[in-house]
Amino acid sequence: SEELFPAQALIILSIPVGIGCCIFPFLPIKAQIFSVLAAIASVIYPLSKRFFKAPQFILGFLCFGLTLPVGYFWAEGSNDQAALLLYFGHGFWCVFYDSIYALQDVQDDLKVGVHSLITTLGNYVNHGLFVLSSVSGLFLISAFYCLDKSIVWPCCFLFALYAQIYLLRYNNYQQLFIINGLLGLLLWLVL
């Protein structure tokens, strides 16, 4: 793997931060509040791995999850119940896929004492992933139902999450992480 130097990381980070700063003044006040909270959570997240046994929940519900209320308030959404269901479905899905990603680093995490949901679950990783995917799927199915959309797609989404648990036996965690990116794109397109 190639090494990323701090100067390179700052240059790469400046692009989305710059875009966000340009958009920020045009957001409604509620969206601005959630944007600031998500930015703070993004700074705290790397540190949370040292103190919190399941930092993926911070990533899923605060760092990534708070982007949903930003979009909701920007679009002046009118279905609060569906938005809340989408938030929880998205949050549990993020915890699910980041936990799969964490599987590739589990030995290193154990050596240096960094926490993750994977190290916390131990031998019950597949059970934990099953629960996360089931809860995510149920929230997404409920959200689609509230939006008067077909629930076929979130049912297929749930099946794809279950299939990933089965595919864990092949230890190709990076590929499964990429699959989740594609699922996210499809979810965005369907909504």
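Is Leu191 buried, exposed or partly exposed? Leu191 is partly exposed, with a relative accessible area of 42%, where buried means under 20%, exposed over 50%, and partly exposed in between (1.4 Å probe, protein chains only). Accessible areas come from the Shrake-Rupley method with a 1.4 Å probe, and for residues only the protein chains shown count as cover.

The model is predicted: local features need pLDDT of at least 70, side-chain atom pairs count only at pLDDT 80 or more, and totals for chains, interfaces and linings use all residues. Residues are numbered from 1 along each chain as its sequence is written, and side-chain values use heavy atoms, with hydrogens and water left out.

Leu191 belongs to the segment after H10. Helices (H or I, at least four residues) and strands (E, at least two) are DSSP runs, numbered from the N terminus. When neighbours within four places in sequence are set aside, Leu191 is in contact (heavy atoms within 4.5 Å) with Leu86, Phe144, Leu147 and Lys149. Between the C-alpha atoms of Leu191 and Gly60 the separation is 19 Å, for 131 residues along the chain.

Several helix pairs were examined by their axes, which are lines fitted to C-alpha atoms, for helices over the stretch in contact; angles run from 0 to 180 degrees between N-to-C directions. Angles under 35 degrees count as roughly parallel, over 145 as roughly antiparallel, 65 to 115 as roughly perpendicular and the rest as oblique.

Helix H9 (residues 152-167) packs with helix H10 (residues 173-190) at an angle of about 175°, and their axes are 11 Å apart. H9 and H10 are therefore roughly antiparallel to each other. On the H9 side the contact is made by Trp153, Phe157, Ala160, Leu161, Gln164 and Leu167, and on the H10 side by Leu176, Ile179, Asn180, Leu183, Leu186, Leu187 and Val190.

H9 also pairs with helix H8 (residues 125-146), the two axes coming within 9 Å and crossing at roughly 170°. H8 is thus roughly antiparallel to H9. The residues of H8 that meet H9 include Asn126, Leu129, Phe130, Gly137 and Phe144, and those of H9 include Trp153, Pro154, Cys155, Phe157 and Tyr162. His127 is found in helix H8 and is exposed, with a relative accessible area of 53%. The C-alpha atoms of His127 and Ile165 are separated by 9.2 Å, with the two positions 38 residues apart along the chain.

The loops flanking H9 each hold a residue with a positive phi. Most residues other than glycine have a negative phi. Asp148, in the loop between H8 and H9, has a positive phi of about 55° although it is not a glycine. Asp148 is exposed, at a relative accessible area of 74%. Asn171 lies in the loop between H9 and H10 and likewise has a positive phi of about 55° without being a glycine. For Asn171 the relative accessible area is 53%, and the residue counts as exposed.

In the N-terminal direction, H2 (residues 29-51) packs with helix H3 (residues 56-63) at an angle of about 175°, with axes 9 Å apart. H2 and H3 are therefore roughly antiparallel to each other. Ala38, Ala41, Ser42, Tyr45 and Ser48 of H2 make this contact with Ile58, Leu59, Leu62 and Cys63 of H3.

A nonpolar patch on the surface is formed by Ile29, Ile33, Val36, Leu37, Ile40 and Ile44, with about 530 Å² of accessible area together. Patches are made of residues with over 30% relative accessible area and no salt bridge (a side-chain nitrogen of Lys or Arg within 4 Å of a carboxyl oxygen of Asp or Glu); like charges are joined within 9 Å, and nonpolar side chains (Val, Leu, Ile, Met, Phe, Trp, Tyr) within 5 Å. Ile44 lies in H2 and counts as partly exposed at 43% relative accessibility.

Two buried residues complete the description. Ser99, in helix H5 (residues 80-102), counts as buried at 0% relative accessibility. Apart from neighbours within four places in sequence, Ser99 is in contact with Gln56, Leu117, Ile118, Leu129 and Leu132. Val106 lies in helix H6 (residues 106-112) and is buried, with a relative accessible area of 15%. Not counting residues up to four places away in sequence, Val106 touches Ile118 and Thr119. Val106 and Thr119 are 13 residues apart in sequence and 6.7 Å apart in space, C-alpha to C-alpha.
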